[in-house]
Amino acid sequence: SVIFRATSGTLFVMYSTGTALVYKALTTNDGANWNAGAEITIFSGTQSDPFTFSGYMNPTSNDVYVVYRSLGVKFRKLTYNIISDSWSVGNATDLGSTSYQYPNVICENNGKIWVAYYKNAVAANYPLEIKYSIDGGNIWNGPVVSVTQTTLTPARPKLFLFGNKLGCSFVSTVGLGTTLKWCWRENTDDEYTWDGLVGTIEGYDCKSDYSVAVTTDNRVWVAYSTGSVADVSSSIMVKYHDGSNWSAETAISGGCCYNPSLSLCGNDLWLFYQELNTTNWVNDKIYYKKYTSTATSWDASPTLLTTSQGGVSFDKMFIEGSGGGWTDVSADAEDVDTADVVQSAQTYMLWGTDDRVYFGKTSSVFNSVYYHLKQDGNDGDVSWEYWNGSDWSLFTPNSVTSVNNFTSASMTSVAGNGCNRINNEEESDKFLL
């Protein structure tokens, strides 16, 4: 996903549904509570890889430039309306061959739009190419850069602005120890003039993505992993370019860490990354560290942001057997290593007619539930209810594999949940049945 913040404070969130590229606008009055707008489709249809897309928000106009892969690379401009605080989706412009992949886009202050991509033109030959447009993306010129590398790795280019320069990083070479390289140009240069073609940043693992960010002092920061997927020795490293040279590596994480993402907030740099659990993917975690400009150092220890399922454990979870009696499985539900969320007298979570399981939060309402089943249900019907403030009400989940038989990986309710007392718990508990 990609998130931008408009000058109005509205968040523009772009993501793939697996079959379409869409966005939502999120607004807030207090910074703590957010309202999500309708899901707007940018593109839907034949798309070889719905996850290879990129976007850039013009900091002056709030217009969003989007590139994505659909039988080649397509460009669209989303025009911002300051009165309605919304975006309208423009027509698609085809940048060329169906072999174009992993596009990345950026816009200079003068309105010149640049797109980089890799071109899988010949087996084991993945060149980097860069094009530009001076009319808002209707006509594209170039390629102005075409770097051919003998490699089995997609170039995965990333464009960035630093000082009066435009840079582009990309992947080169083959296998473990893959080299991360870059090229750049002065904004006063001819479009076909690129200096430092090609400079080396660092060797890194091509199987995990890398991230680039530029701080307010015009340092170019790069974060990458050092090993292959499921390699327990793989760590997240960062280094920066100070305008003259690349710094030494700084280790951010321990082993089994991948997919770093750098983000700038004010003068501080944030680095988010994934810690892989090689035994059970449900136990994957997302951490972050912050680089504080005033202290010129990274946090000593990482902070856990969330687990891979994108949520937090429920404060309370109970199972009520059809024969009566409660089983408090709150602690068991929080421990995802063991399949132990079961009734006390059974080895199953739901077994007989009228068995019930309650999901609850004490701190806030919720509208989704995620569960990882060791064994899917194979008989019977499961009904879902939420507490509407005075009574239990039936609802139909809108994100399931199978509502009946309890086989879905996740579900989302169609309404919020109110307050109710379950097993003599606090009145502030919010429960879903």
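What is the order of the four strands in the open sheet with antiparallel pairing? The order is 19-20-21-22, where strands (E, at least two residues) are DSSP runs numbered from the N terminus and two strands pair if DSSP finds at least two bridges between them. The model is predicted: local features need pLDDT of at least 70, side-chain atom pairs count only at pLDDT 80 or more, and totals for chains, interfaces and linings use all residues. Residues are numbered from 1 along each chain as its sequence is written, and side-chain values use heavy atoms, with hydrogens and water left out.

The edges of this open sheet are strand 19 (211-214) and strand 22 (250-251), each pairing on one side only. Strand 21 (residues 236-241) is joined to strand 22 by two bridges in an antiparallel arrangement, and M237 lies opposite A251 of strand 22.

Strand 23 (residues 257-265) and strand 24 (residues 268-275) run antiparallel and share seven bridges, with Y258 opposite Q274. Two residues separate the strands of this hairpin, in which G266 takes a positive phi near 65°. Strand 24 is also joined by seven bridges to the antiparallel strand 25 (residues 285-292); here F272 faces Y288.

The largest nonpolar core, a set of buried (under 20% relative accessible area, 1.4 Å probe, protein chains only) Ala, Val, Leu, Ile, Met, Phe, Trp, Tyr and Cys residues joined through side-chain atoms within 4.5 Å, has 30 residues. Those with the most contacts inside this core are W114, L128, I130, C168 and W194. Strand 12 supplies its largest share, six residues. A second, separate core has 18 residues, including V2, V64, L78 and W87.

Key
Buried < 20%, exposed > 50% of the residue type's maximum accessible area, 1.4 Å probe, protein only.
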